[in-house]
Amino acid sequence: MADDVIALDGFLDEETVPGDLHGSTARFRLTVSPTDERTDEMILPCTVADSVLAHAVIHDLVPGDKLRVTGYLRLPRTPDEPMWLVVTELAVLETAPELSDPAAAVATAVIERCGPYVCYFDADVPEVEVFTETGVRVGTAPEPGGIGELLEAFEHRQAASGE
C-alpha cells in the first residue's frame with residue numbers, strides 16, 4: 001500500500017470548504033502543473049479525512065498558497081464518479097502574497113495565477129502585465145482578453161529558443 005502514495009506540488013485554487021457540518025473533513029482544489037506547458041496543467045479535487053489536518057486546511061490556507069500534498073489517488077470506478085486525491089499529509093511550501101492593505105474596501109490591483117504565470121491586473125488601466133512564476137517578464141496584454149495570445153506567443157518563443 002505504501003507504493004500507492006503520491007506527492008504533488010500545486011497551488012490552492014480557491015477557498016477550502018468543510019467536507020461535513022462539523023468541519024472534521026475538508027475539501028479543496030489544487031492546481032497542479034508538472035511542466036511549464038499549460039496543456040499539462042490540471043485541477044485536482046482533494047479531500048482530507050483527518051480532523052486535525054482538516055481544521056488546519058479550513059482555517060490556515062488561502063488561495064494561492066503553494067502546497068505539497070501526499071496521499072492516495074482515487075480513480076473513478078464508474079463514468080459518473082470523480083477522481084480525487086485523499087490527502088494524508090500536507091505542507092505549505094510558499095504562502096500566497098498578502099494584500100498590502102487588507103482593510104481596504106476595494107482592491108485597485110489584483111495578482112492572479114494562471115498556471116505557471118502570474119498576471120497583474122490594475123483597475124486604472126486596461127493592460128495586464130504577465131510574468132512567469134519565477135519573475136521573468138512575459139509581456140503586456142492590451143486587455144484581459146489578450147492574455148491567451150500573449151502566453152501562446154511567449155511559449156512559441158521559448159520552444160524556438162530551446163528553453
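Let's start on the surface of this protein, where Met42, Leu73, Leu75 and Met83 come together in a nonpolar patch with about 330 Å² of accessible area together. Leu75 is one member worth finding: this residue sits in the loop between β5 (66-74) and β6. With a relative accessible area of 54%, Leu75 counts as exposed, because the cut-off for that word is anything over 50%. As you look around, please keep in mind that this is a predicted model.

Now step back and take in the whole chain. The protein has 2 helices and 10 strands. If you walk along from the N terminus, you meet the elements in the order β-β-β-β-α-β-β-β-β-β-β-α. The C-alpha atoms fill a box of roughly 45 × 45 × 30 Å along the principal axes. Of the 163 residues, 25% are buried. The accessible surface of the protein comes to about 10,500 Å², and carbon and sulfur atoms account for 54% of that surface. How much of the contact within the protein links residues that are 24 or more positions apart? Among contacts with a separation of 6 or more, such pairs make up 44%.

Helix α1 is a good place to see how one element can have two faces. This helix spans residues 51-60, and Leu53, Ala54 and Val57 are its buried residues. Why do these three lie on the same side of α1? They cover an arc of only 105 degrees around the helix axis, so they share one side of α1. What do the buried residues of α1 pack against? Their partners are the strands β3 (26-32), β4 (42-48) and β6 (84-94). Turn the helix around and you find the exposed residues Val52, His59 and Asp60 on the face that points away from the buried side. Look, too, at the start of α1: there, a side-chain oxygen of Asp50 comes to within 3.3 Å of the backbone nitrogen of Val52.

Next, let's follow the charges. Side chains of opposite charge can pair when their charged atoms come close. This structure holds 5 salt bridges. One of them joins Asp9 to Arg68, with the closest N and O atoms 2.6 Å apart. This pair links distant parts of the chain, since Asp9 belongs to strand β1 (residues 5-12) and Arg68 to strand β5, 59 residues apart. Asp9 is partly exposed, at a relative accessible area of 30%, and Arg68 is partly exposed as well, at 38%.

Another salt bridge brings the side chains of Arg29 and Asp13 together, at 2.8 Å from N to O. Arg29 lies in strand β3 and Asp13 in the loop between β1 and β2 (17-18), so this pair ties together parts that are 16 residues apart in sequence. Arg29 also forms a salt bridge with Glu14, where the closest N and O atoms are 3.3 Å apart. Glu14 lies in the loop between β1 and β2, so its bridge to Arg29 in strand β3 ties together parts 15 residues apart in sequence. Through these shared partners, Asp13, Glu14 and Arg29 are joined into one network. Are the members of this network buried, exposed or partly exposed? Arg29 is partly exposed, at 35% relative accessibility; Asp13 is partly exposed, with a relative accessible area of 28%; and Glu14 is partly exposed, at 35%.

Note on methods. Residues are numbered from 1 along each chain as its sequence is written. This is a predicted model: local features need pLDDT of at least 70, side-chain atom pairs count only at pLDDT 80 or more; totals for chains, interfaces and linings use all residues. Side-chain values use heavy atoms; hydrogens and water are left out. Buried means under 20% relative accessible area, exposed over 50%, partly exposed in between (1.4 Å probe, protein chains only). Helices (H or I, at least four residues) and strands (E, at least two) are DSSP runs, numbered from the N terminus. The arc is that of the directions from the helix axis to the C-beta atoms. Contact means heavy atoms within 4.5 Å. A polar contact is a pair of N or O atoms within 3.5 Å; within protein, one must be able to donate a hydrogen and the other to accept it, and residues adjacent in sequence count only if both atoms are side-chain atoms. Patches are made of residues with over 30% relative accessible area and no salt bridge: like charges are joined within 9 Å, nonpolar side chains (Val, Leu, Ile, Met, Phe, Trp, Tyr) within 5 Å. Accessible areas come from the Shrake-Rupley method with a 1.4 Å probe; for residues, only the protein chains shown count as cover. A salt bridge is a side-chain nitrogen of Lys or Arg within 4 Å of a carboxyl oxygen of Asp or Glu.
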